[in-house]
Amino acid sequence: MSTRKRSGSGSKRLFKEKVVQIYECLFKGEDVSNQNALFWDEFFLLKPKIVNLENEINKMSLEQLQTAKHNINLLFTHCIDILDQQHNIRVAYAMLTLCTLLHAIFKKTLDNQMDTIEFLTGFDNLAAKTQKLLTFCQNYLEGESTDVIKGLCLKVILVLTTGIESINQNTLLEYIMISPLFDCLVKLLCDVPTRQKHGYDVVLIITVLVNYRKYDATNPYVVKLSILDDEIALNGYGQVITLSLSEFCNRYNNEHTENQSASWFSSLTNIVGNMFISEEGGFRMQQVRANNALLLAFYEAIHLNRNFITTLAQTQTDASSPPSPNNTLSNTQGIPDLSAVPATFDVTSQPSNLLVTFFQYCSIVIQDTKTEAGINTVKLCFVILGCITEDQYANSLMHDISLAFKVRLHRLPMRHRKISSDKTTSSQPLICTLLDLLVEFILSHMMKKFPMEIYILCIGVIQRILCYQKKCRIRLNYIWKELWTALISLLRFILQNENYLGKKMNIFDLCIKIVNILNFFITYGDNFLPTPGSYDELYYEVIRMHQVFDNIYSMGLRYSMGDGDFKEDALKLNNALFNVRAIIKHFNPKIEQWLLSANLSTPTEEQILDIVKKNYDSLTLKLQDFLDHYERYSEKPYYTAFFTNLVKSILCDTRNNISCSLLNFTNIASEYPIL
């Protein structure tokens with residue numbers, strides 16, 4: 001065995017392992033077999049050194065790569081051929097070597113604009129080798145192979161599917177599309193022990209493949225996921241998402257509790273600073289980014305498969321948690337490996353389901369809208385909420401008073417409220433929790449870096465909820481005053497920052513939507529508000545905050561009389577304000593008249609409510625059109641760019657995490673009998 005000396009006198013000799021020597025010879029273009037027919041059988045009994053293998057490839061120049069191309073092809077071919085053996089240790093080592101080789105070559109060719117597929121196999125052999133590899137992977141996944149072999153098969157497929165920056169340019173996926181892999185993955189989700197160990201990778205693979213050329217041609221994975229009706233598989237799919245998000249929430253809760261005893265400034269710095277450090281500073285909330293793949297998986301299932309809706313409110317039944325992310329609030333680490341670390345969150349300790357977990361998760365991630373990455377995550381959450389609230393059955397589940405849950409909603413630390421102001425809801429229907437979440441978002445994101453698009457989505461979710469309640473005449477026992485106050489506060493914020501926001505965005509579009517939500521209550525409130533008193537409270541809030549509406553009308557009038565870009569929208573806003581202004585014009589004189597007769601200067605709430613009740617009959621309102629209509633969600637064309645970029649980001653994060661995840665397989669030999 002060769003040796004290598006350290007520099008300096010008296011230094012010890014370092015011995016190279018045999019497998020490392022072979023790597024070096026391979027990549028120098030040398031003949032490593034030396035006419036030994038058993039060389040490759042012996043080679044795959046040597047424990048792979050994945051760090052050394054990857055480093056050897058990373059440090060090669062393009063010229064050195066071309067010199068070693070024949071040997072790299074040879075190594076790739078023998079890695080596949082050895083999979084035909086029944087020798088578990090050889091198969092495992094070949095799989096691990098193949099994963100590392102593919103990952104390193106993909107990375108090298110990505111950096112140098114080379115064609116990975118041609119470099120590895122040549123186009124003539126591409127179909128045969130790819131199909132052969134996929135067949136072996138499928139056989140091992142469906143057979144009685146060990147968990148290590150199954151895990152490595154899934155890693156191979158992940159490397160193949162995420163290796164190229166643009167998923168639509170990855171021609172290898174054409175072979176996966178025509179293979180029976182989807183059915184194989186579904187079977188893995190149905191088996192509880194397998195799902196517990198490999199569920200994340202399975203769901204990630206399905207999600208990535210669903211997004212392959214989804215806008216250009218018929219994608220068989222889109223079709224298969226949309227018609228999947230296996231309740232066990234769909235429930236397993238949902239549990240993978242639920243339990244990973246649950247562990248994140250659990251760890252965040254622990255971190256949050258530890259900071260509650262600190263001072264206000266220290267707590268604000270620790271909780272918000274540690275969780276959401278700006279991209280400009282080089283850091284991100286690591287686990288939120290890692291969980292975006294699961295959020296995308298959740299979205300695809302909600303968007304494509306109506307059968308999946310039935311799993312949303314199902315209480316989790318697995319006795320133990322499947323593997324889930326190594327959730328960490330440290331911002332110095334890379335993307336966590338989401339498939340290898342056992343979960344610590346016990347879902348049997350309290351009633352929970354996917355919706356409960358998702359609402360709590362949303363309450364955490366919506367706190368970050370200051371970075372582009374944070375905005376994208378929040379946008380995805382609200383798109384999912386929009387899809388859920390469009391679905392009739394999902395709405396019926398959320399409004400079901402027999403499905404009541406306590407949910408801890410986290411609130412953004414703000415100067416005007418205590419640091420420990422998180423809200424644990426009482427046991428209530430899930431729709432009440434969702435409304436609490438929406439109100440919290442409205443109140444906590446009035447900032448100069450105004451998330452206009454997210455506010456539009458938020459108001460859209462509220463409209464969908466109200467349309468369902470009006471249609472089904474559901475009188476929800478909810479404190480609607482909190483929503484009305486939040487909406488009016490948002491209008492006031494827009495007024496106060498008109499000069500700044502008006503130059504950057506169309507503030508009238510959002511104002512119209514806010515006013516129309518209030519119009520919805522005014523026009524249809526008698527169909528779904530819980531009591532007649534609720535209707536009185538609505539009028540009270542409009543009258544109490546009349547100055548905001550007067551100023552909004554003045555702003556609209558000013559823009560409508562000018563020649564700016566928003567003239568038409570300003571006219572629409574003032575038309576939408578008709579009923580609100582009619583209420584103010586009708587009741588304010590009557591209140592002033594009563595005050596004069598009673599010789600009072602300031603009326604109480606009860607007194608104003610009494611005046612409102614006595615003067616409904618003489619109030620004339622205008623029937624507003626299309627308040628209970630909304631444009632149903634359509635991914636194409638409005639969100640194609642968003643999801644294209646999101647998938648690209650997920651592919652990048654997965655590629656960057658491959659090396660870390662492969663290290664979890666370095667102790668393969670300990671799982672097999674001594675040779």
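No disulfides were found when the whole structure, which is a predicted model, was searched. Two cysteines illustrate this result. The sulfur of Cys 99 has its closest cysteine sulfur in Cys 137, at 8.2 Å, which is too far for a bond, given that a disulfide requires a pair of cysteine sulfur atoms within 2.5 Å. The sulfur of Cys 153 likewise has its closest cysteine sulfur in Cys 137, but the separation of 4.3 Å is again too far for a bond. Cys 99 counts as buried, because its relative accessibility is 0%, and Cys 153 is buried as well, with a relative accessible area of 0%.

The protein chain as a whole contains 30 helices and six strands. Of its 675 residues, 57% count as buried, and the accessible surface of the chain comes to about 29300 Å², with 50% of that area belonging to carbon and sulfur atoms. When contacts in the protein chain are restricted to residues at least 6 apart in sequence, 78% of them join residues at least 24 apart.

The pockets of the model were examined next. The largest pocket has a volume of about 1000 Å³ and is lined by 35 residues, of which Ile 456, Gln 463, Lys 513, Tyr 630 and Glu 631 lie nearest its centre. Several helices take part in this lining, since at least two residues each are supplied by α18 (372–390), α21 (452–472), α24 (507–528) and α27 (567–576). The greatest contribution to the lining of the largest pocket is that of α21, which gives eight residues. In terms of residue class, the lining of the largest pocket divides into 17 nonpolar, eight polar and ten charged residues.

A further local feature concerns Asn 497, which is found in the loop between α22 (480–496) and α23 (498–501). Although Asn 497 belongs to a loop, this residue counts as buried, because its relative accessibility of 12% falls under the 20% limit that the term requires. When neighbours within four places in sequence are left aside, Asn 497 is in contact with Lys 448 and Gly 502.

Conventions:
Residues are numbered from 1 along each chain as its sequence is written. This is a predicted model: local features need pLDDT of at least 70, side-chain atom pairs count only at pLDDT 80 or more; totals for chains, interfaces and linings use all residues. Side-chain values use heavy atoms; hydrogens and water are left out. Buried means under 20% relative accessible area, exposed over 50%, partly exposed in between (1.4 Å probe, protein chains only). Helices (H or I, at least four residues) and strands (E, at least two) are DSSP runs, numbered from the N terminus. Contact means heavy atoms within 4.5 Å. Accessible areas come from the Shrake-Rupley method with a 1.4 Å probe; for residues, only the protein chains shown count as cover. On a 1 Å grid over the protein atoms alone, a cavity is a set of points where a 1.4 Å probe fits but cannot get out, and a pocket is an open set with protein on both sides within 12 Å along at least five of seven lines; lining residues have an atom within 4 Å of a point. Grid points are joined across faces, edges and corners, and a volume is the space filled by probe spheres set on the points. Ala, Val, Leu, Ile, Met, Phe, Trp, Tyr, Cys and Pro count as nonpolar, Asp, Glu, Lys and Arg as charged, and the others, Gly among them, as polar.
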